Amino acid sequence: IAPTISFLPVVGITPAAAAWARQAWVRYKITNRRIRVNSGVGGKEMAEIVYPDIVEIRTAKRLFGDGDMVAFLRDGAKFEMRNIPEFDAALEFILNQVDEDVAEQYRNGGDVTRRPDGM
């Protein structure tokens, strides 16, 4: 029994620690023109998109006010953002920047954590 019990924390803690460490190096900058993500040790890797390129948004809320977002782009690429802090405020700001059709499509079903009946 002891080896089994000692194995369980390692299985759960190791992936969680890796995710937290990876997230510690990610910084989001959301402006009225673009979304920029700096990642990697020291923020050496950078990716950015401009709002007119976004054709669809899907989100999933997490605990403690964070959330994940995937922006589908005109060229077929996906721009994924994980553990966005102050998610509700960031999402509302982004929805005010994107095309009205994209925002309306999101409001009609882009939140994958919300049940279809609105609960």
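Here's a quick briefing on the fold, the salt bridges and one buried threonine in this chain. Keep in mind that this is a predicted model, with a mean pLDDT of 82 over the protein chain. The chain has three helices and six strands, and the structure holds eight salt bridges.

**Fold and confidence**

- Going along the sequence, the elements come in the order α-β-β-β-β-β-β-α-α.
- A pLDDT of at least 70 is reached by 74% of the residues.
- Confidence varies by element: helix α1 (residues 2-24) has the lowest mean pLDDT, at 61, while α2 has the highest, at 95.

**Surface and packing**

- The protein chain has 119 residues, and 26% of them count as buried.
- About 8300 Å² of the protein chain is exposed, and carbon and sulfur atoms supply 56% of that area.
- Take the contacts in the protein chain with a separation of 6 or more: 35% of them come from residues 24 or more positions apart.

**Salt bridges involving helix α2**

- As background, side chains of opposite charge can pair when their charged atoms come close.
- K61 pairs up with D88 in a salt bridge, and the closest N and O atoms are 3.0 Å apart.
- K61 sits in strand β4 and D88 in helix α2 (residues 87-97), so this pair ties together parts that are 27 residues apart in sequence.
- Neither partner is tucked away: K61 is partly exposed, with a relative accessible area of 42%, and D88 is partly exposed too, at 47% relative accessibility.
- R107 and E92 also meet through their side chains, in a salt bridge of 3.1 Å, N to O.
- That pair links distant parts of the chain, with R107 in helix α3 (residues 100-107) and E92 in helix α2, 15 residues apart.
- R107 is partly exposed at 39% relative accessibility, and E92 is partly exposed at 38%.

**Salt bridge between strands β5 and β6, and its network**

- The side chains of D68 and R82 form a salt bridge at 3.7 Å, N to O.
- D68 belongs to strand β5 (residues 67-73) and R82 to strand β6 (residues 78-84), so the pair ties together parts that are 14 residues apart in sequence.
- Burial differs across this pair: D68 has 9% relative accessibility and counts as buried, whereas R82, at 36%, counts as partly exposed.
- Both residues belong to a wider network of salt bridges, which links R62, D68, E80 and R82.

**A closer look at T59**

- T59 is found in strand β4, which covers residues 54-61.
- T59 counts as buried because its relative accessibility is 2%, and the cut-off for buried is under 20%.
- The T59 side chain has a polar contact with the side chain of Y106, at 2.7 Å.
- From T59 to M81 it's 22 residues in sequence, and the C-alpha to C-alpha distance is 9.4 Å.
- Strand β4 also carries K61, so the strand holds both the buried T59 and the partly exposed K61.

Note on methods:
Residues are numbered from 1 along each chain as its sequence is written. This is a predicted model: local features need pLDDT of at least 70, side-chain atom pairs count only at pLDDT 80 or more; totals for chains, interfaces and linings use all residues. Side-chain values use heavy atoms; hydrogens and water are left out. Helices (H or I, at least four residues) and strands (E, at least two) are DSSP runs, numbered from the N terminus. Buried means under 20% relative accessible area, exposed over 50%, partly exposed in between (1.4 Å probe, protein chains only). A polar contact is a pair of N or O atoms within 3.5 Å; within protein, one must be able to donate a hydrogen and the other to accept it, and residues adjacent in sequence count only if both atoms are side-chain atoms. Contact means heavy atoms within 4.5 Å. Accessible areas come from the Shrake-Rupley method with a 1.4 Å probe; for residues, only the protein chains shown count as cover. A salt bridge is a side-chain nitrogen of Lys or Arg within 4 Å of a carboxyl oxygen of Asp or Glu. pLDDT is the predictor's confidence in each residue, from 0 to 100.
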